[in-house]
Amino acid sequence: CLAQLVARGGVFQMLRVAGRLGGGGHERVLGVPDHRSRPGVEQRFECRAVVLPSFGASRAQEASSTASDVQARIRERFPVLAKETIQVLEPACKGASLLITSPNQLAATMVAVKLGIQWVTLSVFPGNIPSAHTVPQPHWMPPLPTPLGRVINRATWRIFQVGLNYLDGEAITQAVENAVLSAHRELFATGGLSPHLTLLLSSPLYSPPQPDWLPEIKVDGFTSWDEPRQWREPPTLGEFLSE
């Protein structure tokens, strides 16, 4: 079962990984928002569409990045989004041997924990994996390389997590309780990573593994997906490229 509720590029990563799983005879189910299901349908995957509600905010409200406005959006939307997603993923994942998801897709983590199945996190964001050798991205301060600097780096990560906890307020805790689960900050934290396996889909030349990353975090390289079944080269493309 593959769960992706972010951008189209995230769906493409899922399709690439799912395509390789198909070679082993696995039955694959793709859980995506209804407006992101077309690539999966074209690749002949079984798709379970999540209908995401609209929240009717103005453009000014959506664009606002003040802490109070971001907190209000999270508190209003996260419980609803988690509930809608769980309603689709839970029946889709019953009997599954594995759930593949992305960072911040906490509803998928809730489903995996509830059903007692293992899950894998696919990530393209090395800057969101804590380490004493890095700082959260984006951040105005570069990581500091000295022993004292690594202490400061760790403190920066703690401050970052405190800020995220402030923004989500009790929204995540409430959603976890609504799913009849015990609160577990590390599992259900924003940007949470799977304790079973996290694949960083980035080149090790660009994102070398940090020495204090857990062994469950693997740098796996880019997963370029360039084999869409329905794509046809426009007649003018070859001519344009040849020029």
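Tutor: Let's start with how a surface patch is built: residues with over 30% relative accessible area and no salt bridge are taken, then like charges are joined within 9 Å and nonpolar side chains (Val, Leu, Ile, Met, Phe, Trp, Tyr) within 5 Å. A salt bridge here is a side-chain nitrogen of Lys or Arg within 4 Å of a carboxyl oxygen of Asp or Glu. Areas come from the Shrake-Rupley method with a 1.4 Å probe, and for residues only the protein chains shown count as cover.

This is a predicted model, where local features need pLDDT of at least 70 and side-chain atom pairs count only at pLDDT 80 or more, while totals for chains, interfaces and linings use all residues. Residues are numbered from 1 along each chain as its sequence is written, and side-chain values use heavy atoms, with hydrogens and water left out.

Student: Okay, so which residues form a nonpolar patch on the surface?

Tutor: Look at Leu148, Val151 and Ile152, which together offer about 280 Å² of accessible area. Leu148 sits in helix α6, residues 147–168. Helices (H or I, at least four residues) and strands (E, at least two) are DSSP runs numbered from the N terminus.

Student: Is Leu148 buried or exposed?

Tutor: Buried means under 20% relative accessible area, exposed means over 50%, and partly exposed is in between (1.4 Å probe, protein chains only). Leu148 has a relative accessible area of 61%, so Leu148 counts as exposed.

Student: Staying with α6, how many aromatic pairs does the count come to?

Tutor: Rings of Phe, Tyr and Trp (its six-membered ring) pair if their centres lie within 6.5 Å; planes under 30 degrees apart are stacked, over 60 edge-to-face, and the rest tilted. That rule gives one aromatic pair. The partners are Trp157 and Phe160, edge-to-face because their planes stand at 90 degrees, with ring centres 6.0 Å apart. Both are in helix α6, and because they are three residues apart there, about one helical turn separates them. Trp157 is buried at 8% relative accessibility, whereas Phe160 is partly exposed at 33%.

Student: Now the inside. Which residues have the most contacts in the largest nonpolar core?

Tutor: In soluble globular proteins, nonpolar side chains tend to be buried together. A nonpolar core is a set of buried Ala, Val, Leu, Ile, Met, Phe, Trp, Tyr and Cys residues joined through side-chain atoms within 4.5 Å. The largest one here has 20 residues, and Phe78, Ile86, Leu99 and Met110 have the most contacts inside it. The elements giving two or more residues to this core are α4 (67–93), α5 (106–115) and α7 (171–178). α5 supplies the largest share, six residues.

Student: And the strands? In what sense do β2 and β3 pair?

Tutor: Two strands pair if DSSP finds at least two bridges between them. β2 and strand β3 (residues 46–50) run in the parallel sense over five bridges, with Val29 partnered by Glu46 in β3. Strand β2 (residues 29–33) is largely enclosed by the rest of the structure, because five of its five residues are buried.

Elsewhere, strand β5 (residues 119–123) pairs with strand β6 (residues 197–200) in the parallel sense over four bridges, and Val120 stands opposite Leu197 in β6. β6 also pairs in the parallel sense with strand β7 (residues 217–219), over three bridges. There, Leu199 has Lys218 in β7 as its bridge partner.

Student: How many salt bridges does a search of the whole structure find?

Tutor: Four. Among them is Arg48 with Glu46, at 2.7 Å from N to O. Arg48 is partly exposed at 30% relative accessibility, and Glu46 is partly exposed at 33%. Another joins Arg77 and Glu76, whose closest N and O atoms are 3.7 Å apart. Arg77 is buried at 14%, while Glu76 is partly exposed at 42%.

Student: What about Glu90 and Lys114; how do their side chains meet?

Tutor: They meet in a salt bridge as well, 3.6 Å from N to O. This pair links distant parts of the chain, with Glu90 in helix α4 and Lys114 in helix α5, 24 residues apart. Glu90 is buried at 17%, and Lys114 is partly exposed at 40%.

Student: One last thing: how far apart are Ala67 and Gly163 in space?

Tutor: Their C-alpha atoms are 9.4 Å apart, although the two are 96 residues apart in sequence. Ala67 belongs to helix α4 and is partly exposed, at 38% relative accessibility.
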